[in-house]
Each structure stands twice: as C-alpha cells, then as structure tokens.
Amino acid sequence: MNRILILLPLALLATVPNAQQSKSRVAFVNVQAAVKAMPGSATYLQLVAKTDADLKAKQKNIQALATKASASNTAANRQALNTAQQAYTKTQTQYAQRVAEAFKPLASKLNTTIAKVAKANGYSVVLDQRVAAQTNLVVYANDSATNLTNAVIKALK
C-alpha cells in the first residue's frame, strides 16, 4: 500500500508535461494581402477604396463642423454637426452592407483555400494577422514559422 502512495504522485508528475503539450498548431494569414492577390478581387478592392475615401471626407467635414460648433455654440452649428453625424452613420452602414456583399464570393474561396493550406501544413487554427495584432490576442509569434500568407497567395493563383 505504501508503494502505491509513493508511486502515485510520481505517476501524476510524469503526466503533467504531456497534458500541457498541444497537438494544435496556430498560423497567421495576412488576409488583406491575400485578397489583393486574388483573381477577381479588383471590383471589391475598388469599392473598399471608394468607401474609405468617402467616409474619410465625411469624417473630416464632421471634425470641421465640431470645431465650428464648439467655437460658436449656436443652435445652427450644433444642428449642422448633428445632421452630418447622422448622415455619416447612415452612409457607413450602407457601405458596410455593400462591402460585405461584395466580399462574400471572395470570402468563400479565400476561406476554402486557407483551410486547405492549413491542413496541408499541419495547422489546426489560422488567425487573421491584422486582427490578432490589433486586439493584442497574440503576444509573440515566430513569423517565419507561423505565417501562411505566401502559401495561401500561391494556392489562390
């Protein structure tokens, strides 16, 4: 009985490193670069550029109206700012719908290609590189060992 009590902790300690080892591998793809390299993405990219430029111009106008409204606190200036903000929000929503609709056919092909490349290279999880960086989801990643962008672009062509 004493032997079992002595061996049990040793057996548990021997299994801890195996429990921490994961069979999953994580990779990253620069989705924007992959989309730019996709055949048939020109229309989508032009739409994104157009919407970005238009929204940027509207933001600049809102900033100018906000400055004017704060400098001279008149009802007309506040109303103009409010109207511009409402128009911006409406336009932004409309553009987001149009961009999402234009991206659907590309997303299907892109997701399928990423899945094939990931499986072929032994990865079980693939993250968008930009999203992972912006959200601080990943603290460190060896880019040369985890970046599948070039392989995905090659497979898309």
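**Entry 1: a loop glycine**

I started with G40, which I found in the loop between α2 and α3. The model I am reading is a predicted one, so I keep that in mind on every page. Is G40 buried or exposed? Its relative accessibility is 65%, so G40 counts as exposed. I then looked for a partner far along the chain and picked P105, which is 65 residues away from G40 in sequence. In space, the C-alpha atoms of G40 and P105 are separated by 9.6 Å.

**Entry 2: the whole chain**

Next I stepped back to see the layout. I noted 7 helices and 2 strands in the chain. Going along the sequence, the order reads α-β-α-α-α-β-α-α-α. How much of the chain is buried? Of the 157 residues, 24% are buried. I also looked up contacts with a separation of 6 or more, and 77% of these join residues 24 or more positions apart.

**Entry 3: the nonpolar cores**

Then I went looking for the inside. The largest nonpolar core holds 19 residues, and V29, A34, V35, L110, L148, V152 and L156 have the most contacts inside it. Which elements give two or more residues to this core? My list reads β1 (26-29), α2 (31-37), α3 (42-71), α4 and α7 (149-156). Of these, α4 gives the most, with 6 residues. There is also a second, separate core of 8 residues, with L81, A84, Y88 and Y95 among them.

I wanted to see one core residue in its surroundings, so I chose V29. Leaving out residues up to four places away in sequence, V29 touches I114, V126, L127, D128, Q129, L148, T149 and V152.

**Entry 4: a walk along helix α4**

Helix α4 covers residues 75-120, and I made three stops there.

My first stop was T91, which has its place in helix α4. T91 has a relative accessible area of 14%, so I wrote it down as buried. Beyond residues up to four places away in sequence, T91 touches D54, L55 and K58.

My second stop was a charged pair. I reminded myself that side chains of opposite charge can pair when their charged atoms come close. Here the side chains of K104 and E101 meet in a salt bridge, at 3.4 Å from N to O. How many salt bridges does the count come to? The count is 1. K104 and E101 both lie in helix α4, 3 residues apart, or about one turn of the helix. K104 counts as exposed because its relative accessibility is 52%, while E101, at 49%, is partly exposed. The line for exposed is drawn at over 50%, so these two residues get separate labels.

My third stop was A115, also in helix α4. A115 is partly exposed, with a relative accessible area of 33%. V125 is 10 residues from A115 in sequence, and their C-alpha atoms are 9.0 Å apart in space.

**Entry 5: the loop between α5 and α6**

I moved on to the loop between α5 (129-134) and α6 (143-146), where I found N136. Most residues other than glycine have a negative phi, so a positive value made me stop and look. Phi of N136 is near 55°, a positive value in a residue that is not glycine. N136 counts as exposed, because its relative accessibility is 62%.

V138 lies in this loop between α5 and α6 too. With a relative accessible area of 29%, V138 is partly exposed. What does V138 touch, not counting residues up to four places away in sequence? I listed F28, L127 and A132. For L127 I also noted a distance: L127 and V138 are 11 residues apart in sequence and 9.8 Å apart, C-alpha to C-alpha.

**Entry 6: the largest pocket**

Last, I looked for open space. The largest pocket holds about 260 Å³. Which residues line this pocket? I wrote down V31, Q32, V35, K36, Y44, L45, V48, A49, D52, F103, D128 and R130. Both α2 and α3 supply at least two residues of the lining, and the largest share, 5 residues, comes from α3. By type, the lining residues divide into 7 nonpolar, 1 polar and 4 charged. I spotted V35 on two of my pages: V35 lines this pocket, and V35 is one of the residues with the most contacts inside the largest nonpolar core.

Conventions: Residues numbered from 1 in each chain as written. Predicted model: local features only at pLDDT ≥ 70, side-chain atom pairs only at ≥ 80, totals over all residues. Heavy atoms only, no water. Salt bridge = Lys/Arg side-chain N within 4 Å of Asp/Glu carboxyl O. Helix = DSSP H or I, 4+ residues; strand = E, 2+ residues; numbered from the N terminus. Buried < 20%, exposed > 50% of the residue type's maximum accessible area, 1.4 Å probe, protein only. Core = buried A, V, L, I, M, F, W, Y, C linked by side-chain atoms within 4.5 Å. Contact = heavy atoms within 4.5 Å. 1 Å grid on protein atoms, 1.4 Å probe; cavity = no way out; pocket = protein on both sides within 12 Å on 5 of 7 lines; lining within 4 Å. Points joined across faces, edges and corners; volume = space filled by probe spheres on them. Nonpolar A, V, L, I, M, F, W, Y, C, P; charged D, E, K, R; others polar.
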